[in-house]
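Let's take a walk through this model, starting with its cysteines and moving on to charges, helices and a surface patch.

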Amino acid sequence: MDAILDFLKTTGFAMIADNWKVIIMLAISCLLLYLAIVRKMEPLLLLPIAFGMLLTNIPGSEMFHEVLFVDGHIHWDLFGGAAITQEFIDGIENTVVASTLTAGETISVGLLDVLYLGVKLGIYPCLIFIGVGAQTDFGPLIANPKTLLLGAAAQVGIFITYIGATLMGFTSQEAGAIAIIGGADGPTAIYTTQMLASNLLGPIAIAAYSYMALVPVIQPPIMRALTTKQERRIVMKELRPVSKTERILFPIVVTIFVALLVPSAAPLIGCLMLGNLLRECGVTERLSKTVQNELMNICVVFLGVSVGATATANTFLNLKTLGILVLGIVAFSLGTSCGILLAKFMNLFSKNKINPLIGAAGVSAVPMAARVAQKEGQKEDPSNFLLMHAMGPNVSGVIGSAIAAGVLISLLG
């Protein structure tokens with residue numbers, strides 16, 4: 001009987017009494033799984049994130065230990081089996097984590113601790129960007145370089161949100177990490193947050209991918225509010241053909257220019273353009289297929305599960321999370337609005353008019369935002385095909401969000 005009682009005390013069911021908040025986190029993770037599987041909301045990353053959240057909040061699983069990465073540092077000595085000292089506990093800025101520690105204890109490194117190193121060291125987002133680059137056709141952007149401005153305009157929402165977040169009481173690093181949600185680029189948001197405010201990684205990642213999935217819901221009301229029927233009916237001139245030479249030179253030139261302009265953006269831009277060069281050069285088809293499929297899929301699983309592991313009850317269930325969700329949708333809405341408004345402004349001086357709807361595609365939710373622009377345009381004129389035109393600002397948004405992330409990391413990191 002004593003053995004049975006001892007066993008029952010070691011179960012997760014018994015441990016729930018010590019931290020009832022895990023019940024809420026398990027419910028949230030199940031909700032996210034439902035949204036990913038049934039509602040198909042960014043399932044490729046939302047499902048691994050939700051399952052990582054599920055694993056990390058099961059009492060007694062010991063798969064992820066916040067103390068190993070507390071205060072934004074990797075404590076390699078604890079990975080090696082060193083005992084936690086009282087001096088170490090007293091020096092921790094995160095009082096919530098410090099309160100859970102006891103001097104003299106050692107950490108048994110879990111699976112998610114090891115996988116999370118790929119996020120902490122910035123490996124997974126960059127490898128995913130190689131795959132994204134190999135899947136991206138920059139032809140529409142090369143054919144109509146003006147659309148680069150629309151992608152840049154959509155990033156203005158990031159910096160406006162940064163100001164708003166600081167006014168709400170977030171630190172400058174936290175504000176920068178929250179603001180990058182407006183770029184609508186999951187890997188970029190994760191990379192930036194890891195560099196600036198790793199304590200907010202879970203909430204920001206979930207907000208970023210949730211809002212990306214809600215593009216068809218969030219953007220159309222903004223697009224209709226900021227444009228007239230006549231503007232939505234504008235038919236744009238057919239794009240010119242883009243030569244193979246242009247396609248090959250584009251990733252090389254962009255990498256050199258952006259890396260020199262914003263060196264801190266070089267890891268993301270460099271990996272994005274490497275993937276695109278593998279796609280366009282015509283001599284590395286096997287590598288292009290590998291980074292688009294096997295490599296990218298492996299990294300997506302590892303990234304999602306390990307990011308979800310950071311969403312523990314202590315870090316997720318607080319007012320900051322609510323603020324992140326509110327500011328995230330503000331950033332996303334501002335990015336959409338700025339792209340549309342710049343397109344309207346450009347029409348004042350342009351002979352070949354731009355349909356302002358494609359400005360909304362400046363957020364880098366590829367290709368969903370471009371498809372939304374196409375759909376809204378065809379509601380007014382079924383014969384109007386905006387998809388390829390919208391892909392220009394859409395792919396430039398990927399570049400723009402990476403540059404914006406580099407600027408934030410350079411200034412705040």
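## Cysteines

Keep in mind that this is a predicted model. Start with C299: the closest cysteine sulfur to its own belongs to C126, and at 10 Å that is too far for a bond. A disulfide would need the two sulfur atoms within 2.5 Å, and the count of disulfides for the structure is 0.

How covered are the cysteines C299 and C338? C299 is buried, at 4% relative accessible area. C338 also counts as buried, with a value of 18%; the cut-off for buried is under 20%.

## Salt bridges

On the charged side of things, the structure has 11 salt bridges. One of them pairs D137 with R247, whose closest N and O atoms sit 2.6 Å apart. D137 is in the loop between α9 (123-135) and α10 (139-143), while R247 belongs to helix α18 (residues 244-261), so this pair ties together parts that are 110 residues apart in sequence. As for cover, D137 is partly exposed, with 25% relative accessible area.

Next up is E280 with R279, a salt bridge with an N to O distance of 3.1 Å. E280 counts as buried at 13% relative accessibility, whereas R279 comes out partly exposed at 33%. Put these residues together and you get a network: D137, R247, R279 and E280 are linked by salt bridges.

Then there's E246, whose side chain meets that of R240 in a salt bridge at 2.9 Å, N to O. Both partners get some exposure here: E246 is partly exposed at 27% relative accessible area, and R240 is partly exposed at 39%.

## Helix α14

Is helix α14 mostly covered or mostly open? Covered: of the 11 residues in this helix (residues 186-196), 10 are buried. The buried set includes G186 and P187 at the beginning of the numbering, along with I190, Y191 and L196. T188, A189, T192, T193 and Q194 are buried too.

## Helix α23 and its patch

Helix α23 covers residues 319-347, 29 residues in total. From first C-alpha to last, α23 reaches 43 Å, close to the 42 Å expected at 1.5 Å a residue. Look at the start of α23 and you'll find N318, with a side-chain oxygen that comes to within 3.0 Å of the backbone nitrogen of K320.

Which residues make the nonpolar surface patch of about 520 Å²? The contributors are L319, L322, L325, V326, I329 and V330. L325, for one, is placed in helix α23, and its relative accessible area of 35% makes L325 partly exposed.

## A contact across the sequence

Back in helix α18, have a look at V258. V258 is buried, with a relative accessible area of 4%. Where does G406 sit relative to V258? The C-alpha atoms of V258 and G406 are 9.7 Å apart in space, although the two residues are 148 residues apart in sequence.

So helix α18 turns up in two long-range pairings worth checking on screen. R247 of α18 ties to D137 across 110 residues of sequence, and V258, also placed in α18, sits 9.7 Å from G406, C-alpha to C-alpha.

Terms used:
Residues numbered from 1 in each chain as written. Predicted model: local features only at pLDDT ≥ 70, side-chain atom pairs only at ≥ 80, totals over all residues. Heavy atoms only, no water. Buried < 20%, exposed > 50% of the residue type's maximum accessible area, 1.4 Å probe, protein only. Helix = DSSP H or I, 4+ residues; strand = E, 2+ residues; numbered from the N terminus. Expected span 1.5 Å × (residues − 1). Polar contact = N/O pair within 3.5 Å; in protein donor to acceptor, adjacent residues only side chain to side chain. Salt bridge = Lys/Arg side-chain N within 4 Å of Asp/Glu carboxyl O. Patch = residues over 30% accessible without salt bridge, like charges linked within 9 Å, V, L, I, M, F, W, Y side chains within 5 Å. Areas by Shrake-Rupley, 256 points an atom, 1.4 Å probe, with all protein chains shown as cover.
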